[in-house]
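This report describes selected features of one protein model. The sequence and structure are shown first.

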Amino acid sequence: MTYFTYQSKQIYFEEIGNGAPLLMLHGNTASAKMFDLLLPLYTEQFRVILIDFLGNGRSERIEAFPKDLWYDQSLQVIALLEHLGYDKVNLLGTSGGAWTAINAALERPDLIDKVVADSFDGRSLNKHFSENLIADRAFARQDTMSRQFYEWCQGDDWETIVDLDTEILINYQKENIPPLHQPIEKLQLPVLLIASKEDALLRDDIEEEFREICALLPNAESHVFPTGGHPAIATNAEETAALVRNFVIC
């Protein structure tokens, strides 16, 4: 297994496949393992780079997640790209990883070519964010498949990780911490926004939010699937992979 050092901690990463580099960023409470079943849709066209964010998966554990989690994760992304010596890497972030991807692109656009933000909830936390999160996490703790997913991604200490993550995400809304460290209007790179209309974790007006973002950005486009849950990369797997290929390679 391969690791790099970030703030004296060990972060896991791996590279698979051939082609244009594509760094795939997992969402909250998950790890890079969430992409395992999806990799055949990407590795023939891309050199896929995977990372377990600090405190998740095979990376070193921490006592608490940073208050501005998605910004700190973007710094982990930048550190990995600098460690590998890559420039102009494509980012595909899903769920919370979408905010991380956009934060990284805003922070270091010189390292990044294009950004795909999957199951992205927009420029701010929607008004039902904490309510939806608490309900989703409560259901997941009682749901056998969700518990198995957590354990598969995280290991035996998954409950601790989920609790730490829930605490920090609720704190985002409690302290009014913006999920993006800079205004999205500063993003000049090509960006593709993806969501599913039926995704209960996203804002109700996600299509309108995407239209407004695309009006603000010079190189943005979006796609909202009429059906599917959270995240779209899994519930609309083949369709999302096709969108990513067309967006990144064309």
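Leaving aside its neighbours within four places in sequence, with which residues is Gln-76 in contact? The model is predicted, so local features need pLDDT of at least 70 and side-chain atom pairs pLDDT 80 or more, while totals for chains, interfaces and linings use all residues. Residues are numbered from 1 along each chain as its sequence is written, and side-chain values use heavy atoms, without hydrogens or water.

Beyond that sequence window, Gln-76 is in contact with Phe-4, Tyr-6, Ile-11, Ile-51, Phe-53 and Leu-54 (contact: heavy atoms within 4.5 Å). Gln-76 belongs to helix 1, residues 69-84 (helices are DSSP runs of H or I with at least four residues, strands runs of E with at least two, numbered from the N terminus). Gln-76 counts as buried because its relative accessibility is 1%, the cut-off being under 20% with a 1.4 Å probe and protein chains only.

**Strand pairing**

Two strands pair if DSSP finds at least two bridges between them.

| Strands | Sense | Bridges | Opposite residues |
|---|---|---|---|
| Strand 1 (residues 2-6) and strand 2 (residues 9-17) | antiparallel | five bridges | Tyr-3 and Tyr-12 |
| Strand 2 and strand 4 (residues 46-51) | antiparallel | five bridges | Gly-17 and Arg-47 |

Strands 1 and 2 form a hairpin with two residues between them. In its turn, Gln-7 has a positive phi of about 50°.

Conventions. Buried means under 20% relative accessible area, exposed over 50%, partly exposed in between (1.4 Å probe, protein chains only).
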